[in-house]
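Opening the notebook on this one. I want to look up how the sheets are put together and what packs on them.

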Amino acid sequence: MALQHVLLMLKGETHPTRELILSRIQLVSGMLQSSGMVDQINEDELLREIESMLSIWSPKHTELSDSTGHEQWLDDKRSTLQWGFWKRYETYLEQVKKLPPNPLLKIHEMTDAVLEKLEDPDRKGQWDRRGMVVGQVQSGKTSHYTGLICKAADAGYRLIIVLAGMHNSLRSQTQFRLDEGFLGRDTQRERAFGNDSHRMGAGFIPSKLRLAANSMTSSAENGDFKKNQVGGTSLNGDPVLVVVKKNKTILENVLNWAVTVAGETDPVTGKKIVRDVPLLVIDDEADNASVNTKNSEEDVTTINGSIRKILNSFEKSAYVGYTATPFANIFIYPEAETEEYGKDLFPQSFIINLPAPSNYIGPAQVFGLEEDTDAGIEAKVALPIVKEIKDYETFIPSPHKKDLKVEQLPPSLEYAIKCFVLSCAARLARGQGIEHNSMLIHVTRFVDVQKQIEELVKHEMGSIQKRLQYGDGRSARIIDELQGIWEEDFVPTSHKVSSLVKDHSLTSVTWLQVKDCLFDAVMKIRVKQINGSANDILDYYDHKNGLSVIAVGGDKLSRGLTLEGLTVSYYLRSSRMYDTLMQMGRWFGYRPGYLDMCRLFTSKELVLWYKHIAAASEELRMDFDFMAQTGRTPMDFGLKVRTHPAGLIITGASKMRSGTVMKLSFADSLAETTVFHKRNTLVNQSNFDATVRLIVTLGSYDDYKSNNYIWHGVPAKTVTTYLRSLQGHPESRRSNPETLSEYIEKQSDIQELTEWTVVLISTQNGNKYNIGHLSVGLTERTDELKDDHNRYKIIRNHIISQRDEMIDLDDEEEAEAFRLTQESWEKKEKKGEPKSPSGQAIRSVRPVERGLLLIYPLDPEYIGSDQPFPYIGYALSFPASDNAKYIEYLVNNIYWKEEFEVE
């Protein structure tokens with residue numbers, strides 16, 4: 001109550017000072033105490049909470065859109081609508097969920113941004129809009145599409161279908177949240193609008209309007225759509241909500257019901273069409289099951305076909321996919337369309353990138369980011385909450401089969417359980433006793449193995465509970481063990497986390513305070529195997545004083561499902577697909593007031609993969625923002641991702657039409673060698689000799705800049721001849737010499753990339769080596785794989801230095817590139833003003849006829865190699881092109897499994 005009063009008084013204050021906040025707290029405290037509404041208010045605690053809330057900010061969203069066939073409507077109609085559902089939900093978020101002011105405002109702005117790209121539901125005739133909203137894992141996408149549903153219902157959309165994952169648990173969880181936020185009542189008791197006694201969530205927020213909406217489904221485990229429940233429901237009155245699993249039979253039942261209730265036969269096609277009933281389809285986790293993975297347009301997967309049939313059976317339809325991992329959706333063929341299914345689900349109308357608020361904890365925060373000035377990526381220090389597991393192979397080997405016998409928990413898992421006990425006690429000591437606490441154990445996809453883990457964890461928890469309750473005769477007392485973990489781990493970690501994040505609610509807790517809360521905290525902890533049952537998740541709602549649970553599971557925990565108050569994660573599942581790994585990261589999200597208590601236990605290999613994914617995802621989003629800045633469309637972005645040299649490693653091959661020809665372009669990209677044969681002297685000698693021949697062929701250099709030798713106007717033929725004489729490492733796919741040569745030749749045919757700037761990189765202080773007639777200072781690059789005898793991999797995956805890519809720009813081009821970089825930086829509201837042009841801006845100003853080849857002789861001595869000649873690395877910077885040609889290649893599952901070790 002006091003919190004809301006203070007926030008109301010501070011409304012309109014963009015940057016209130018601490019003194020102003022404190023004065024408002026004291027004013028509210030005096031008012032509430034004098035009226036007898038409260039006895040006392042902890043002003044210090046309230047001040048910390050409000051400071052934390054007001055310090056949260058959200059960057060501007062970016063978007064790509066195509067307005068073909070679209071009529072602008074929202075600005076003209078906004079003042080004529082009452083927005084009852086939205087205003088009620090907005091108040092619910094503010095007063096009940098206590099959403100901070102800035103994120104709440106951003107939800108309003110961003111749902112408007114989506115709604116205006118849909119069609120006016122009152123628009124006559126046939127229309128169809130397809131879009132996608134891209135957020136981060138566990139960043140609040142459900143809140144966003146709940147707000148969108150509220151606004152769509154207010155605007156006049158009559159049927160809203162939400163596709164909620166593949167399992168009952170996720171469907172039920174989604175329905176429950178929409179019951180709270182949109183319907184305002186418990187659908188397990190009442191699906192049709194009526195009795196006020198079943199209100200919940202936003203339903204308790206007073207409204208002068210009749211906010212009526214019906215639901216064809218409920219939040220019960222068996223509450224999915226059924227054929228026998230459809231009688232008497234109209235699609236011409238109050239809005240109707242349907243929340244369903246992505247299941248062929250269920251989707252067919254929904255379609256049959258809709259065309260039976262409101263369809264009419266088209267005189268031309270003989271097909272039943274629902275006319276004048278605006279349909280909105282929300283596809284949650286749109287990259288999962290919705291994408292057609294068959295090899296032809298006519299032969300589609302059942303879920304994809306079922307969704308498209310529903311959309312194709314409505315005269316007025318809008319489809320919005322929500323996902324944190326959009327890679328598979330981008331690979332949808334935009335041109336795919338059949339008479340039976342209609343258009344495929346490519347987001348041709350718009351793609352909106354939802355930026356996470358400043359208090360979001362994602363891959364970049366958990367695993368850190370290394371600075372990449374070329375890509376415009378700023379360095380981020382990793383939070384000290386990741387713990388490397390080294391002992392799991394003896395107990396839970398990877399990979400393993402479903403008949404694996406687990407006799408004992410790894411010591412690291414026993415340690416993780418004790419960390420969870422401490423985090424529960426510490427949160428209780430901080431006054432967070434009624435908040436939920438969860439621990440995730442995800443080490444296998446096999447249910448039988450999960451069951452064994454669950455039993456062993458129950459035994460371990462039971463032992464800890466008994467030892468705390470009755471004492472123990474062991475040489476190491478449980479209290480001493482926990483105190484040791486607290487002092488050696490939690491105290492320094494809390495200090496470090498507090499220095500890295502701005503969260504005033506991270507208060508200091510002493511061991512004595514934690515010790516006093518241990519027994520109460522540990523006796524609340526339950527152990528549950530999550531096997532897809534909805535009741536496993538809905539237990540949170542039934543525990544008003546907080547549920548503390550250790551969830552043991554596998555695939556059911558890996559997508560969409562939210563574990564409330566997740567503090568400790570023990571994760572060993574292996575996958576090398578970006579989208580799979582990101583979706584499995586249930587530990588991402590918001591951790592107000594307890595981030596320092598969080599721990600992630602995982603393997604060294606997975607830490608390296610997540611670091612790589614964090615950088616790759618950041619680069620993809622920056623590509624998106626740059627394209628938005630230059631007015632590109634979803635088709636442009638889809639084409640860029642599908643043709644990117646690194647595109648093949650971001651999602652499963654089946655989602656890119658396994659066995660079919662794909663296309664590749666290097667336009668507006670940087671191709672560089674990052675992996676070398678460490679000990680293959682025959683290959684390395686051959687590459688060195690080829691470089692010597694090139695230098696001799698080029699003759700006298702034209703320019704000498706920053707110690708580097710430069711040749712201008714080199715013919716494309718000279719460059720492709722050189723590239724084809726090189727042998728690349730198979731893992732350095734972005735710099736395959738044959739593919740690069742083929743692309744250059746195709747561009748040359750259309751008078752692009754006809755002349756090249758070739759640069760032999762020479763450092764000032766490196767060891768000297770003669771290459772042809774030139775003395776070169778060898779480049780030093782750290783080996784990320786020091787213990788690998790066969791591979792030399794450059795750390796950070798970049799051979800180039802910060803300013804190398806702009807070495808061929810004249811003053812005017814450099815100034816324009818810097819202007820574009822600053823403009824992009826200003827729009828993203830980033831900190832740390834750029835000091836030089838980004839690689840993307842450099843490539844955008846380089847003339848289409850001019851490419852850049854940078855050659856890096858690498859010092860073998862620097863990585864401890866006794867090879868007598870340099871390793872030869874190279875980088876090619878390609879200008880942006882509206883006429884880029886493509887290199888074709890074939891994707892198939894056999895290649896995929898061999899290359900990326902897919903299960």
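My entries go sheet by sheet, then turn to the helices.

**Entry 1: model check.** I am working from a predicted model, so I keep in mind that local features need pLDDT of at least 70.

**Entry 2: the 8-stranded sheet.** I looked up the strand order first. This open sheet of 8 strands runs β1-β12-β2-β9-β8-β3-β5-β4, and its pairing is mixed. Which strands sit at the edges? I find β1 (62-65) and β4 (214-215), each of which pairs on one side only.

I then picked one pair inside the sheet. Strands β2 (residues 127-134) and β9 (residues 316-323) run parallel and are joined by 8 bridges. For a register point I noted Arg 129, which stands opposite Ala 318 in β9.

Next I checked what packs on this sheet. Helix α6 (residues 101-115) does, touching β1, β2, β9 and β12 (350-353), and its direction makes about 170° with that of β12. Helix α9 (residues 248-262) packs on the sheet as well, with contacts to β3 (159-164) and β5 (240-244); its direction makes about 160° with that of β5.

**Entry 3: the 6-stranded sheet.** Here the order is β13-β18-β17-β14-β16-β15, an open sheet of 6 strands with parallel pairing. At the edges I have β13 (386-388) and β15 (525-529), each pairing on one side only. From one strand to the next the twist averages 15°.

**Entry 4: a closer look at β14.** I went through both partners of this strand. On one pairing, β14 (residues 437-442) and β17 (residues 566-571) run parallel with 5 bridges between them. Ser 438 stands opposite Leu 566, and Met 439 stands opposite Val 568, both of those partners being in β17. On the other pairing, 6 bridges join β14 to β16, again running parallel. There I noted Leu 440 opposite Ala 551 in β16.

Is β14 covered or open, I wondered? It is mostly covered, with 6 of its 6 residues buried. As a reminder to myself, in a regular strand the side chains alternate between the two faces of the sheet. In β14, Asn 437, Met 439 and Ile 441 point one way, while Ser 438, Leu 440 and His 442 point the other way, and all are buried.

What lies across this strand? I find helix α15, which crosses β14, β15 and β16 (548-553) and runs at about 170° to β15.

**Entry 5: α15 against α16.** Having met α15, I followed it to another helix. Helix α15 (residues 447-470) packs with helix α16 (residues 478-500) at an angle of about 110°, and their axes are 9 Å apart. That makes α15 roughly perpendicular to α16. From α15 the contact takes Ile 464, Arg 467 and Leu 468; from α16 it takes Ile 478, Ile 479, Glu 481 and Leu 482. I sorted the residues of this contact into 5 nonpolar, no polar and 2 charged.

**Entry 6: α23.** Last lookup: which residues of helix α23 (residues 716-724) are buried? They are Ala 716, Val 719, Thr 720, Tyr 722 and Leu 723. They cover an arc of only 160° around the axis, so they are on the same side of α23. I also listed what these buried residues pack against: the helices α22 (681-698) and α24 (737-748), plus the strands β23 (708-715), β24 (755-760), β28 (850-858) and β29 (871-877).

Definitions and conventions:
Residues are numbered from 1 along each chain as its sequence is written. This is a predicted model: local features need pLDDT of at least 70, side-chain atom pairs count only at pLDDT 80 or more; totals for chains, interfaces and linings use all residues. Side-chain values use heavy atoms; hydrogens and water are left out. Buried means under 20% relative accessible area, exposed over 50%, partly exposed in between (1.4 Å probe, protein chains only). Helices (H or I, at least four residues) and strands (E, at least two) are DSSP runs, numbered from the N terminus. The arc is that of the directions from the helix axis to the C-beta atoms. Contact means heavy atoms within 4.5 Å. Axes are lines fitted to C-alpha atoms, for helices over the stretch in contact, and angles run from 0 to 180 degrees between N-to-C directions. Angles under 35 degrees count as roughly parallel, over 145 as roughly antiparallel, 65 to 115 as roughly perpendicular and the rest as oblique. Ala, Val, Leu, Ile, Met, Phe, Trp, Tyr, Cys and Pro count as nonpolar, Asp, Glu, Lys and Arg as charged, and the others, Gly among them, as polar. Two strands pair if DSSP finds at least two bridges between them.
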